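Trainee: I am new to this structure and would like a close look at a single part of it. Could you choose one place, go through it with care, and then connect it to what lies elsewhere?

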Amino acid sequence: MAKRSLKASPAGIQRAKRAFALKGWTQDNLAGEVNLKTRQPVWRFFTGQPVDRQVFMELCQVLDLDWREIALNPPADFLEPGEDLEPQPMTVDELVAEVRSQHYDTIQHQCGVLQLLDIRYPVNIDDIYVDINILEAVANQQCLEVAALNNLDPANFNRMGLGIIDQPQIPGVEAVKNYGKLRVLGKPGVGKTTFLQHLAVQCNQGEFAADQVPIFIALREFVETSKRQGDFSLFNYSRQALSLSSPDQLETLLTEGRVLMLMDGMDEVLNQDINAVLREIRSFSDKYHRNRYVVSCRTAAQKLALHGFTDVEIAPFSEAQITTFVQKWFVALGKAATPQGQAKAAEFVEKLDLPENWQFRQLVVTPLFLHLACWVFQGEGQFPTKRTAFYKQGLDLLLGKWDETKGVERDDAYRGFLLPQKMRLLSQLAAVTFEQGQYFFEQRTIEQYIEDYLQNLPGAGLEPEELQLESEAMLKAIEAQHGLLIERARGIFSFSYLAFQEYLTARKIVATHNLRALEQALGGLVSHITDPHWHEVFLLTAAMLRSADSLVQLMKQEIDALVAQDPHLQDFLRWASEKSQTIPPDPKLATTRAFYLALAQSTHTADQFALASTLDQGIFLDAALENLLMEFASDHSQDFAYAHACSEALKNILVMVLDAGFYKSLQQIKDQLPASNQHQERLQAWWQDNYSTWVEQLKSTIIHYRNIHHPWQFSPEQEQVLKRYYDANQLLVDCLNSNCEVTETIRQEIEATLLLPQKELEEREWQGN
């Protein structure tokens, strides 16, 4: 009996390739010559894989080759011309090979290209895809206490995961290999669909599960087709997808476990249809349990249980994954040659690592937001100077545009809310939780906040039980549809991005339309000026206000009041003001005052010396003197070699001294030090006997001539007040230096009066009146 398939021998392949080269054709041309719909059999022919016997013979014929000389172990019982071939049953391997061949172009077309947001043309998936990692422990299946979570230091929050504990991660493909039935969870835009498409393409190309047939099913399309045809059957839908002539072929593939079934978007199925979909998936996967199944679903919809499936969650991008994605993005989508794209990617990564861009670095840990950041950077050459614009774009995506781009229709659990109404609700939730210091909150707590909002809507008129049901439905919608509120642990929620909670809190303040109410809202904000958790809200509010004059003036008043009632601190500020006035005029005396305030508290660093060198030689001299005196905080009386170090330091300092009296006094103090070439015992004896007197003489001389190094001796409470005062002033400066709208006269007045004592502030105010 004749074989149904043939494959070329190694020698036959070489002969066939030479004949093919002489023809000057492409594989598509050769496929057309023998009336093939796809070039897959041609590729299999040239790689020595089994090919249908008739196709094998026809390929050899058009290449002017004798098929017997090309085939490996050609059968003796080949057909004579005109002889009919008795149909022979295919082996499972042959069936898989044939179906894969016939289905190859369909999968490549269906899954091999991506349509990215705001990109007008399709992108090859291999040009942009980055291998994902999987968290085997799903966050909201953990049992944690809300109090423990809220006690986390927000300064250490991962602004994507809000302090989520690091968990072991494995590559996505490895998870699919480890679990026969896998449900991949993830928040919006984390790459669930793209991961399933990648698996389909890898399988299609023989890089993964080469012995299986890939089937990619968008579940919402399955539902639409099934309802239209009146046949809710995964079996029949899969047969149509594979274009199989006989159901027996699919039955064989499924029974033998030779299918990779990829079902995308369980959360995109409407509530009215989801139970039918779940029943069909459970029934199908139980009946044909030998196959490999991967289902994708948003994390919030995971309560839609699938028997026998293991839940895992897609991890946020690591730094290495971000770098790889950016490199691919600018080469594939940057409209530039590869070297220019690589250079742009390197610039992106370099700027992303700058301290001023740390907010973006914490946000761009998902493909969706990373793509948005790359798109903005490509157009502007930098990250947005107003982060508020970027956050608004991100919220618009999550609140609707992302679903619109994908053609997804969601169940309406928002009482017909339009985008502005959704934003007002979310802003209210963000503001009330942030005001309470709640980064994590119990489910019932957030539902009560939603109830409070609904009760205040015009014409609400809902009974308490209706309100509770409505709030539960809304919370589920916010979580499942937008991913803005997510379940961090069982019954414990938070905003998915701390940046969005801060932005929405600021938006609630700015959206106050009544002028008096706005002033009250700004006053409430300013009351948090010493709380570092609120600093980002200050910056965002300043950026969003049409005029930030009132905000910065209120901030200035609150800051000055921090130290107004402490006479000792007022003396300290008065000294810094007087000292700064002895320095040649500088356009910003506040910079000089800030320098001396820091210098007097022994907080100077190498950065301050660099700053001193750019301001004035007198400031640099004071920094050097203060540094020398700071060394004497430790007792060096037993270290006679230190005398030589002091002599060298004074020698270098004398070069900068312009005052004749000071120069003479310093020189005399320096001359008291014994010469370094004296006998060691004499030098040691002098240093031990005179060390304390010599140091006190040096200190008093410096205090007399330079008016620095006074013994302020602040109490621990005063140290804390000063730190809060400095930090608040820095926040005010940051607001002024942001892209906020501040009248120039008010900006100049605030900058001129930074760090001044209360008496001078009152004198300025009196002079102004």
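**A close look at Asn204**

Mentor: In this predicted model, Asn204 touches Arg100, His103, Tyr104, Ile107, Gln108 and Pro214, leaving aside residues up to four places away in sequence. Asn204 itself belongs to helix α10, which covers residues 192–204. Its relative accessibility is 4%, and because buried means under 20%, Asn204 counts as buried.

One of those contacts, Pro214, leads on to the sheet, since strand β8 spans 213–218. The sheet is an open one of seven strands, in the order β6-β5-β11-β7-β10-β9-β8, and its pairing is mixed. Strand β8 is one of the edge strands and β6 (169–171) is the other, each of them pairing on one side only. From one strand to the next, the twist averages 30°. At the β6 edge, strand β5 (residues 133–135) is joined to β6 by three bridges, and the two run antiparallel. Within that pairing, Leu135 stands opposite Gln169 in β6.

Elsewhere, aromatic rings are worth following, for the structure holds 34 aromatic pairs. In one of them, the ring centres of Phe45 and Phe56 are 5.2 Å apart and the planes stand at 70°, so the pair is edge-to-face. Phe45 lies in helix α3 (residues 40–46) and Phe56 in helix α4 (residues 53–62), so this pair ties together parts that are eleven residues apart in sequence. Both Phe45 and Phe56 are buried.

Another pair is formed by Phe572 and Phe714, whose ring centres are 4.9 Å apart with planes at 65°, so it too is edge-to-face. Here Phe572 lies in helix α27 (residues 567–581), whereas Phe714 lies in the loop between α33 (680–706) and α34 (716–737), so the parts tied together are 142 residues apart in sequence. Phe572 and Phe714 are both buried, and they belong to one aromatic cluster together with Trp575, Phe595, Tyr596 and Trp712. A ring can also face a charge: the charged end of Arg53 sits over the ring of Trp67, 5.6 Å from its centre.

Finally, consider helix α23 (residues 498–510), whose 13 residues reach 19 Å from the first C-alpha to the last, close to the 18 Å expected at 1.5 Å a residue. Ten of the 13 residues of α23 are buried, so this helix is largely enclosed by the rest of the structure. Among the buried residues of α23 are Leu498, Phe500, Tyr503 and Ile509.

Note on methods: Residues are numbered from 1 along each chain as its sequence is written. This is a predicted model: local features need pLDDT of at least 70, side-chain atom pairs count only at pLDDT 80 or more; totals for chains, interfaces and linings use all residues. Side-chain values use heavy atoms; hydrogens and water are left out. Helices (H or I, at least four residues) and strands (E, at least two) are DSSP runs, numbered from the N terminus. The expected span of a helix is 1.5 Å times one less than its number of residues. Buried means under 20% relative accessible area, exposed over 50%, partly exposed in between (1.4 Å probe, protein chains only). Two strands pair if DSSP finds at least two bridges between them. Axes are lines fitted to C-alpha atoms, for helices over the stretch in contact, and angles run from 0 to 180 degrees between N-to-C directions. Contact means heavy atoms within 4.5 Å. Rings of Phe, Tyr and Trp (its six-membered ring) pair if their centres lie within 6.5 Å; planes under 30 degrees apart count as stacked, over 60 as edge-to-face and the rest as tilted. A charge sits over a ring if NZ of Lys or CZ of Arg is within 6 Å of the ring centre and within 35 degrees of the ring normal.
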